[in-house]
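Work through the exercises below with the model open beside you. Try each task before reading its solution.

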Amino acid sequence: MFAAALCGFCFLGPVAQAQAQDCPARPASGTVVADPFSIASQDGVLTAKFVMGHSVDAAGYTHYCYKYQTSTQIVEAPTLRVNPGDVLNLNLVDGITNNDAGTMKMNMAAASGPPCGDGGTPTINSTNVHFHGMNVPPVCHQDDVLTTLIQPGSPGFQYGVQVPAFQPPGLYWYHPHVHGFTEFQVNGGAAGALVVGGMEKLRPEVAGLTERVFVIRQQYLVPWIPGPYLLTINYQVAPFLGSAPIIQMKPGEKQFWRVANATIQDFLQLQIQVNGNLQPMEVIALDGYPLAQTRNQTTILVPPAGRAEFIVQAPPSGGSAVFFTNAYNTGPTGNLDLSQTLANIQTTGDAVSAPMPKATPPSAAGVKFLDLAQQPATTQRKLYFSEEFGGTSGPIQFYVTVDGQKQKVFEPNEAPAITTKVGAIEDWTIENRALETHAFHIHQIHFRVLEVDGKPAANNDLRDTIEIPYWEGKGPFHSVKVRMDFGQSPAGTYVFHCHILLHEDLGMMHKILVEP
Ligand SMILES: [Cu+2]
């Protein structure tokens, strides 16, 4: 969207002066990409303490960081590894200090109802955590983002997240979700991977392969002005010009890559190019959920907040390969999602000559609601994304609206736009009436893609985030029809929104109440 539309934020002022480096140093460009530090549950429990830090580096980039103390150093945003049925005990301290922008509070109302955590007014220095894609309850101390506020200077907040026994193995992620301020902290780097273990049991293709976790993030040059931005891979900048990050593989080796799109707005079109040619990737899972059947793709579109897990094969000795994101057109009022190299794949060491072990047939056991498409829906709904220029509360308004209701931006104390019940099965048709592509996301549950633009979808994948292309200005609106199975939903109030985080912060979000 236009930089001009951001002027609601412009009063936040210029880039803060470089300050003491509270956040760990990030890797230099052109170096070998390391996986994030990883911490795993033991005996069904993962206990960790994070401190949210903040600093501005010498280049003027604002960092937000989930700091974690290992036995030897402080790292940021480690990968959390749990198994279905585990408990994640995460203590989060808001250690943001010396953040000048935070003194200029935006006019954000607190949510109605009893506060969870420290309460008070949400500011750019407040934080909380959303466990994106996890089917956990939207309640205080688990995955409530509507009332949970952690404020600087408080002793910290204790999450005790009960991972459901039915949570599919796969890649999820965590990030802050304070309405009005989500973009700033995620843009600064506050986001990390969460892996639910056991993929090799459902998809034996990945058993024995080296696993890599790549978190693609985005950082604006100036954190609250969209415009020039850089993509990073595991915190290493992937520059448009100059030395690309390096991913090392053995010649001919197959690896299992788990890639999270933790950007604030970028639609990634992931490709592997070998000697300039597109190479198929074997897609294992999307948005954490194993596919009913794996499939080969040469491009994987991953909307902001989406995840893709796939098998990559390195070129033989002497070959060269590139991990690439192709340009994606987000429409006349959309952002520029440019093509660029994310990393150069460098072959090193001995070639892997033996063929990969033959996979045993995959088991569908444990994959949730494979037969969902055969069940009748009890309710049909239509929702749409839209934008309005020249409104009273800023140059542009972003709406997601239940058809028949009034277009309005999210208010923390609003009533739910949708009320349903645990056990309901609903079909939602979500249309995009804006001149810009949006990314639909709902908390707590996955949905099955039934139709795209009114035609049966090529793949009935289970997703938690999906792109809906922009309107060309004439002709029908693009749409997706998805099936929501509230039989898998916890009761409670949670949200659906666009996962372009600025849009969410500006109110392209509403609540859904799922009654017990
Ligand atoms: Cu959007």
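A residue counts as buried under 20% relative accessible area, as exposed over 50%, and as partly exposed in between. Keep in mind that this is a predicted model.

**Exercise 1. A surface patch**

Task: Locate Leu338 and decide whether Leu338 is buried, partly exposed or exposed.

Solution:
- Step 1. Find the loop between strand 26 (336–337) and strand 27 (340–347); Leu338 sits there.
- Step 2. Take the relative accessibility of Leu338, which is 37%. This value makes Leu338 partly exposed, because the class covers what lies between under 20% and over 50%.
- Step 3. Look for partners. Phe240, Leu241 and Leu336 join Leu338 in a nonpolar patch on the surface. Together the four have about 450 Å² of accessible area.

**Exercise 2. A loop residue and its contacts**

Task: Find Thr437 and say which backbone atom its side chain reaches.

Solution:
- Step 1. Go to the loop between strand 31 (425–432) and strand 32 (438–442), where Thr437 lies.
- Step 2. Check its cover. Thr437 has 0% relative accessibility, so Thr437 counts as buried.
- Step 3. Follow the side chain. The side chain of Thr437 comes to 3.2 Å from the backbone nitrogen of Tyr470.
- Step 4. List contacts beyond four places in sequence. Among them are Phe267, Tyr328, Asn432, Pro469 and Ile500.

**Exercise 3. The copper site**

Task: Name the protein donors of the copper ion and work out which parts of the chain His438 and His503 tie together.

Solution:
- Step 1. Pick out the donor atoms: ND1 of His438, SG of Cys498 and ND1 of His503. They lie 2.0 to 2.1 Å from the copper ion.
- Step 2. Write the spacing of the donor residues in sequence: H-x59-C-x4-H.
- Step 3. Place the two histidines. His438 belongs to strand 32 and His503 to helix 3 (residues 501–505), so the pair ties together parts 65 residues apart in sequence.
- Step 4. Check cover. His438 is buried, because its relative accessibility is 0%. His503 is buried too, with a value of 0%.

**Exercise 4. A proline between strands**

Task: How far apart are Pro78 and Ile39 in sequence and in space?

Solution:
- Step 1. Find Pro78 in the loop between strand 4 (74–76) and strand 5 (79–82).
- Step 2. Pro78 has a relative accessible area of 0%, so Pro78 is buried.
- Step 3. Give both distances. Pro78 and Ile39 are 39 residues apart in sequence, and their C-alpha atoms are 6.8 Å apart in space.
- Step 4. Leave out residues up to four places away in sequence. Pro78 then touches Ile39, and other residues including Phe37, Tyr66 and Ala193.

Conventions. Residues numbered from 1 in each chain as written. Predicted model: local features only at pLDDT ≥ 70, side-chain atom pairs only at ≥ 80, totals over all residues. Heavy atoms only, no water. Patch = residues over 30% accessible without salt bridge, like charges linked within 9 Å, V, L, I, M, F, W, Y side chains within 5 Å. Areas by Shrake-Rupley, 256 points an atom, 1.4 Å probe, with all protein chains shown as cover. Salt bridge = Lys/Arg side-chain N within 4 Å of Asp/Glu carboxyl O. Helix = DSSP H or I, 4+ residues; strand = E, 2+ residues; numbered from the N terminus. Buried < 20%, exposed > 50% of the residue type's maximum accessible area, 1.4 Å probe, protein only. Polar contact = N/O pair within 3.5 Å; in protein donor to acceptor, adjacent residues only side chain to side chain. Contact = heavy atoms within 4.5 Å. Donors = N, O, S within 2.8 Å, 3.2 Å for Na, K, Ca; no water.
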